[in-house]
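Visitor: Could you walk me through this one? I'd like to get a feel for the fold before I go back to the bench.

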Amino acid sequence: MPRTLVAITGASSGIGATFARKLAPEHDLLLVARRKDRLEQLAIELSGAHQTRVEILQADLTAEPDLAEVAERLRSDDRLALLVNNAGFGAAGRFWEAPIETQEAMHKLHVLATVRLTHAALGNMIPRDFGGIVNVASVAAFVRNAGSVSYCATKSWMTSFTEGLYLELRGLNSNVAVQALCPGFTYSEFHSVMGVQRDGLASPAFWLTPEEVVQASLEGLRSRKLFVIPGWRYRLLTMFLTKAPTALRLAVEAISSRSRAAALQLPSAGPRQLP
Ligand SMILES: NC(=O)c1ccc[n+]([C@@H]2O[C@H](COP(=O)([O-])OP(=O)(O)OC[C@H]3O[C@@H](n4cnc5c(N)ncnc54)[C@H](OP(=O)(O)O)[C@@H]3O)[C@@H](O)[C@H]2O)c1
């Protein structure tokens, strides 16, 4: 019997590479990211250690031709068992001060690439009534923060999108599972890519390892859980944020925005300069 295929975007580091390592013993892999050398290294490591066949696809998922190529690959392989929409990045800076190109690239990657790849994968999985999709969102989906407006908004979109799909699939009694994975601070390259120091962002008790995040996701897939929030501290926090009255939530978000602005060393807004 042919091995099933797992496709992972953003597989060249962090959470994506950890999904690949965890799933390699049981599945063939399709690894997607921009850094080909990293994907090649991982492919050599995993195909050497397991029976897995690893295919790599170098793709910038904000670029239409690359996105179309990955989508076509997902649509046409009837061994596809799991898609992990994991590629993502953060950016620090007030929305109107940050370069618009970065804000747009983030929306393309977190929103449009997720739409395109999920559509392709579900078109393949639903007729076979088999498979699953993990959308890697964030705890940031449940909180707004000055200095990461687009990040919180796009991750919030991911959770809303996944919940809508969950309802459609449940209406069909489908065996295809969808999950919104919502990690908090996780050790990976995320913060160095963002250009910020990890120290000062959160106390060590709040930091997760990628292994903890991936373990929680895979357990959640087995029990067909819609929202997976690794770590009890984050589950408590999101419970509070989603249940608190708006005024209280805004007060908490304002305090958190101030301490985050200090940790990210955002320049103070200062008095408005009149011409
Ligand atoms: N680390 C955290 O604290 C944290 C918390 C909550 C949620 N998350 C989410 O977890 C996911 C994985 O992040 P991570 O923590 O593992 O960070 P990471 O180590 O920086 O990994 C990000 C991955 O995304 C890929 N990527 C970025 N832009 C891309 C593009 N345009 N096209 C294709 N691939 C692209 C990167 O590969 P290339 O550079 O090779 O393209 C890399 O493999 C992200 O969606 C992030 O928002 C992270």
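**Around the sheet**

Guide: Let's start with E2 and E3, which run parallel and are joined by five bridges. Within that pairing, Leu-30 has Glu-55 of E3 as its bridge partner. Keep in mind that this is a predicted model.

Visitor: What sits between E2 and E3 in the β-α-β unit?

Guide: That's helix H2, residues 36–49, and the unit it makes with E2 and E3 is right-handed.

Visitor: OK, zoom out. What's the strand order in the whole sheet?

Guide: It goes E3-E2-E1-E4-E5-E6-E7, an open sheet of seven strands with parallel pairing. At the edges you have E3 (54–58) and E7 (227–228), each paired on one side only.

Visitor: Which strands does helix H1 touch?

Guide: Helix H1, residues 14–23, packs on the sheet and touches E1 (5–9), E2 (28–33), E4 (80–85) and E5. Its direction makes about 165° with that of E1.

Visitor: Let's talk about E4. Is it mostly covered or mostly open?

Guide: Mostly covered: five of its six residues are buried. On one pairing, four bridges join E4 to E1, and the two run parallel. Ile-8 has Val-84 in E4 as its bridge partner there.

Visitor: And how many bridges join E4 to E5?

Guide: Four, and that pair is parallel too. Leu-83 is partnered with Ile-133 in E5. E4 and E5 also belong to a right-handed β-α-β unit, with helix H4 (residues 100–128) as its helix.

Visitor: Moving along, how many bridges link E5 and E6?

Guide: Five, between E5 (residues 132–136) and E6 (residues 177–181), running parallel. One example is Val-136, whose bridge partner in E6 is Leu-181. Helix H5, residues 149–171, lies across E5 and E6, at about 160° to E6.

Visitor: Switching to backbone angles. What's the phi of Asn-173?

Guide: It's near 55°, a positive value in a residue other than glycine. Most residues other than glycine have a negative phi.

Visitor: Where is Asn-173, and is it buried or exposed?

Guide: Asn-173 is in the loop between H5 and E6. It counts as exposed because just 7 other C-beta atoms lie within 10 Å, and the cut-off for exposed is 12 or fewer.

Visitor: What about Arg-224, what's its phi?

Guide: Arg-224 has a positive phi of about 55° as well, although it is not a glycine. You'll find Arg-224 in the loop between helix H7 (210–222) and E7.

Visitor: Why is Arg-224 called partly exposed?

Guide: Because it has 15 other C-beta atoms within 10 Å, and that falls between the limits of 12 for exposed and 20 for buried.

Visitor: New topic, the ligand. How many residues surround it?

Guide: There are 30, and the closest are Gly-10, Gly-14, Arg-34, Arg-35 and Gly-88.

Visitor: Which helices supply at least two residues of that shell?

Guide: H1 and helix H6 (190–194). H1 gives the largest share, three residues.

Visitor: Last thing, what's the mean pLDDT of the chain?

Guide: It's 94, and 96% of the residues reach 70 or more. The stretch to watch is residues 270–275, where pLDDT stays under 50 and the model has zero contacts beyond four places in sequence.

Visitor: How should I treat a stretch with low pLDDT?

Guide: Don't read the predicted coordinates in detail where pLDDT is low.

Key. Residues are numbered from 1 along each chain as its sequence is written. This is a predicted model: local features need pLDDT of at least 70, side-chain atom pairs count only at pLDDT 80 or more; totals for chains, interfaces and linings use all residues. Two strands pair if DSSP finds at least two bridges between them. Two residues are in contact if their C-beta atoms, placed from the backbone, lie within 7 Å. Axes are lines fitted to C-alpha atoms, for helices over the stretch in contact, and angles run from 0 to 180 degrees between N-to-C directions. A crossover is right-handed if, with the strands pointing away from the viewer, the path from the first strand over the helix to the second runs clockwise. pLDDT is the predictor's confidence in each residue, from 0 to 100. A residue is near a molecule or strand if its C-beta atom, placed from the backbone, lies within 6 Å of it.
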